[in-house]
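Trainee: Could you take a close look at one loop for me and then show how it sits in the rest of the fold? I would like one connected walk that I can follow with the structure open.

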Amino acid sequence: MMPSFHLIGQMYRIEIAEAPTKAPEAAKQFWWNNRHKVPSPVEPNIYYGLTKTLDPSLSWTHYLPSIRVQNLNDIPDGFSGDTVPASLCVGFRYIGNHHYEEISELRAEALYHAIDRLAKENEGKYELLDSEFFVEKIDTDAYDGEYCQMEWFAPIRVK
């Protein structure tokens with residue numbers, strides 16, 4: 001169960017076909033240049049990437065590279081806020097022997113293939129609702145000089 005929480009970041013509209021390259025670029029841009037403009041972050045060293053699909057028939061998604069905040073009362077100009085609803089979620093953890101900024105298109109695709117495979121294996125028990133939203137989470141303090149971690153969460157429905 002993932003509790004509800006608030007995020008502030010910079011919203012991008014990303015074509016689904018370009019997401020493996022555009023989303024990491026947007027994430028790095030936000031993290032390096034703009035996260036410090038978000039007032040009073042709850043977890044200043046944890047990156048959140050929120051992907052929302054407004055309509056499954058569209059060829060693009062909204063991507064919010066962001067950090068967690070207590071509330072959405074103080075959103076800076078040029079930034080967006082969003083609330084991740086409390087949800088029953090499936091979570092996956094990627095561990096790589098590289099810096100977290102080196103999570104590449106190939107590494108991300110391998111994670112998504114594993115998620116798809118597990119979702120298909122458990123199709124009778126759960127329905128993966130990643131077409132609604134999913135969240136990437138990287139605790140930059142968890143990088144120990146050798147290994148990084150990225151967590152991925154998406155809502156599920158028990159059948």
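**A close look at the loop between α1 and β3**

Mentor: Happy to! Let's start with Asn 45, which has a relative accessible area of 30% and is therefore partly exposed. That label follows because partly exposed covers the range between the buried limit, under 20%, and the exposed limit, over 50%. Please keep in mind as we go that this is a predicted model.

Asn 45 belongs to the loop that links α1 to β3. The helix before this loop, α1, covers residues 19–34, and the strand after it, β3, covers 46–52. Two other residues of the loop are worth a visit, Arg 35 and Ser 40.

Take Arg 35 next. You might expect an arginine to be out in the open, but here its relative accessibility is 17%, so Arg 35 counts as buried. The cut-off for buried is under 20%. What surrounds Arg 35? Setting aside neighbours within four places in sequence, Arg 35 has contacts with Phe 30, Pro 44, Asn 45 and Ile 67. So that you can place one of these partners, Phe 30 falls inside the range 19–34 given for α1.

Ser 40 gives another picture. Its relative accessibility is 61%, so Ser 40 counts as exposed. Its backbone also deserves a look: phi is positive there, about 50°, although Ser 40 is not a glycine.

Now back to Asn 45, to follow its contacts. Beyond the neighbours within four places in sequence, Asn 45 touches Trp 31 and Arg 35, and also Ile 138, Asp 139, Thr 140 and Asp 141. Asp 139 is a good one to pick out on your screen: it is 94 residues away from Asn 45 along the chain, yet the two C-alpha atoms are separated by 6.1 Å.

Asp 139 also leads us to the strands, since β8 covers residues 133–139. Strand β8 runs antiparallel to β9, and three bridges join the two. Within this pairing, Lys 137 stands opposite Glu 151 of β9.

From here, follow β9, which spans residues 148–158. Strand β6, residues 89–96, pairs with β9 in the antiparallel sense over eight bridges, and Cys 89 has Pro 155 as its bridge partner there. Strand β7, residues 126–128, also runs antiparallel to β9, joined by three bridges. In that case Glu 127 is matched with Arg 157.

Let's step back to the whole protein. Its secondary structure consists of nine strands and two helices, in the order β-β-α-β-β-β-β-α-β-β-β from the N terminus. The link between Asn 45 and Asp 139 has company: of the contacts between residues at least 6 apart in sequence, 76% join residues at least 24 apart.

As for overall form, the C-alpha trace spans about 45 × 35 × 30 Å along its principal axes. The radius of gyration is 15 Å, which agrees with the value near 15 Å for a compact globule of 159 residues. Buried residues make up 38% of the 159, and Arg 35 is one of them.

Conventions: Residues numbered from 1 in each chain as written. Predicted model: local features only at pLDDT ≥ 70, side-chain atom pairs only at ≥ 80, totals over all residues. Heavy atoms only, no water. Helix = DSSP H or I, 4+ residues; strand = E, 2+ residues; numbered from the N terminus. Rg over C-alpha atoms; globule rule 2.2 N^0.38 Å. Buried < 20%, exposed > 50% of the residue type's maximum accessible area, 1.4 Å probe, protein only. Contact = heavy atoms within 4.5 Å. Pairing = 2+ DSSP bridges.
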